[in-house]
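This report describes the interior of one protein chain, with attention to its empty spaces and its nonpolar cores. The sequence and the structure are shown first.

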Amino acid sequence: MKTKILLAVAISACSASTLLHAGGMGAPKKPTPFLIPFLAGEGMYTWPQVDGYNIDLLNATVQGQTQDVRITSSKENQGWGGRLAGGFLHPMSGRFQSFLGSIEAGWGYYGKMDLNPIANAGNGTTVAISTRDAGMSMKQYGVDLLAGLVYDQPQYDVFFKVGALVQNLQLKMNINPQGLERTAGAPIGRAATRLNGNYNVHPTVVNVLPMLRLGGGYHISKNWLATASWMHAFGSTLKIDMPDVNFSSRTVGNLAAQIASPSLDAVMFGFEYRFVS
């Protein structure tokens, strides 16, 4: 009988110990999600790599004198733009548990630039030129796909991402040789009569550019981050050269145009929302 009583007491003690131990463990930990969706919106300011146009007017008449005139361009950058993006974060494990894998797709408007003509004659005279006679403007927008790593901390993130930007470059270019000679002061009906009309080009150029982003974020809350980053797209230099518009021989010479998506730098500021519970 004593043996049965002692056995019952031992079983009761073990049961109580098990219950106390289970109570001390608390609620079970939530499993780490395989993917964390996120959305992001950013404003930006951009700097495209643009050389502009270089036009040489040979034997033009400026203030009654025959001389060569070189037309270049000043840049008026209206680089404000924006970007919307969405993607997924993948928490890593083991010794890489402080990192998140990231993949995202975005659409952005990368600003506008106007190139205003400036003419410099051989005698040092500067001639004002209307944008109707020589001008260029450009707008840029495109879609991108990026992948990279996010170093995730309780208060902040640091990220590095690489990918590609499908850049659409909208150009508006015009050259009016007769108008240029009129501006220079030559009488209409001489050399310019066979160079009349407007030469207008309005192409849209599409190129795929390698792209990288470096930046970070500050955790405002569990779901919201304020972000800042620098972006670079590896393109070329946009330029148009017309080296020999000759008014004495009434000819328009070679047109060397490098019409391609320019390299692009941008500073971005925005917010990111992560769908975590």
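## Internal cavities

How much space lies in the largest cavity? In this predicted model, the largest cavity holds about 130 Å³ of space. The count of cavities of 30 Å³ or more comes to two.

Sixteen residues line the largest cavity, and those closest to its centre are Glu-104, Phe-159, Lys-161, Thr-227 and Glu-272. By class, its lining comprises eight charged, six nonpolar and two polar residues. At least two lining residues are supplied by each of the strands β1 (36-48), β4 (80-91), β8 (156-175), β10, β11 and β15.

## Largest pocket

The largest pocket has a volume of about 620 Å³. It is lined by 20 residues, of which Thr-32, Pro-33, Ile-36, Pro-91 and Val-276 are the closest to its centre. Eight residues of this lining are nonpolar, seven are polar and five are charged.

## Nonpolar cores

The largest nonpolar core consists of 11 residues, among them Met-44, Tyr-110, Leu-146, Leu-165 and Leu-209. The elements that contribute two or more residues to this core are β10 (204-219), β11 (224-233) and β15 (264-274). Of these, β15 gives the largest share, with three residues. A second core, separate from this one, has 10 residues, including Met-113, Leu-169, Met-173 and Val-205.

Met-231 belongs to the largest core, as do Tyr-110, Met-211, Leu-264, Ala-266 and Met-268. When neighbours within four places in sequence are left aside, Met-231 is in contact with each of those five residues and also with Leu-212, Arg-213 and Asp-265.

## Overall architecture

The protein chain contains 15 strands and two helices. Of its 277 residues, 39% count as buried. Among contacts in the chain with a separation of 6 or more, 74% are between residues 24 or more positions apart.

The accessible surface of the protein chain comes to about 15,100 Å². Carbon and sulfur atoms account for 62% of that surface.

## Elements shared by core and cavity

Which elements give two or more residues to the largest nonpolar core? They are β10, β11 and β15, and each of these strands also supplies at least two residues to the lining of the largest cavity. Within that lining, Glu-272 is one of the residues closest to the cavity centre, and the span of β15 runs over residues 264-274.

Note on methods: Residues are numbered from 1 along each chain as its sequence is written. This is a predicted model: local features need pLDDT of at least 70, side-chain atom pairs count only at pLDDT 80 or more; totals for chains, interfaces and linings use all residues. Side-chain values use heavy atoms; hydrogens and water are left out. A nonpolar core is a set of buried Ala, Val, Leu, Ile, Met, Phe, Trp, Tyr and Cys residues joined through side-chain atoms within 4.5 Å. Buried means under 20% relative accessible area, exposed over 50%, partly exposed in between (1.4 Å probe, protein chains only). Helices (H or I, at least four residues) and strands (E, at least two) are DSSP runs, numbered from the N terminus. Contact means heavy atoms within 4.5 Å. On a 1 Å grid over the protein atoms alone, a cavity is a set of points where a 1.4 Å probe fits but cannot get out, and a pocket is an open set with protein on both sides within 12 Å along at least five of seven lines; lining residues have an atom within 4 Å of a point. Grid points are joined across faces, edges and corners, and a volume is the space filled by probe spheres set on the points. Ala, Val, Leu, Ile, Met, Phe, Trp, Tyr, Cys and Pro count as nonpolar, Asp, Glu, Lys and Arg as charged, and the others, Gly among them, as polar. Accessible areas come from the Shrake-Rupley method with a 1.4 Å probe; for residues, only the protein chains shown count as cover.
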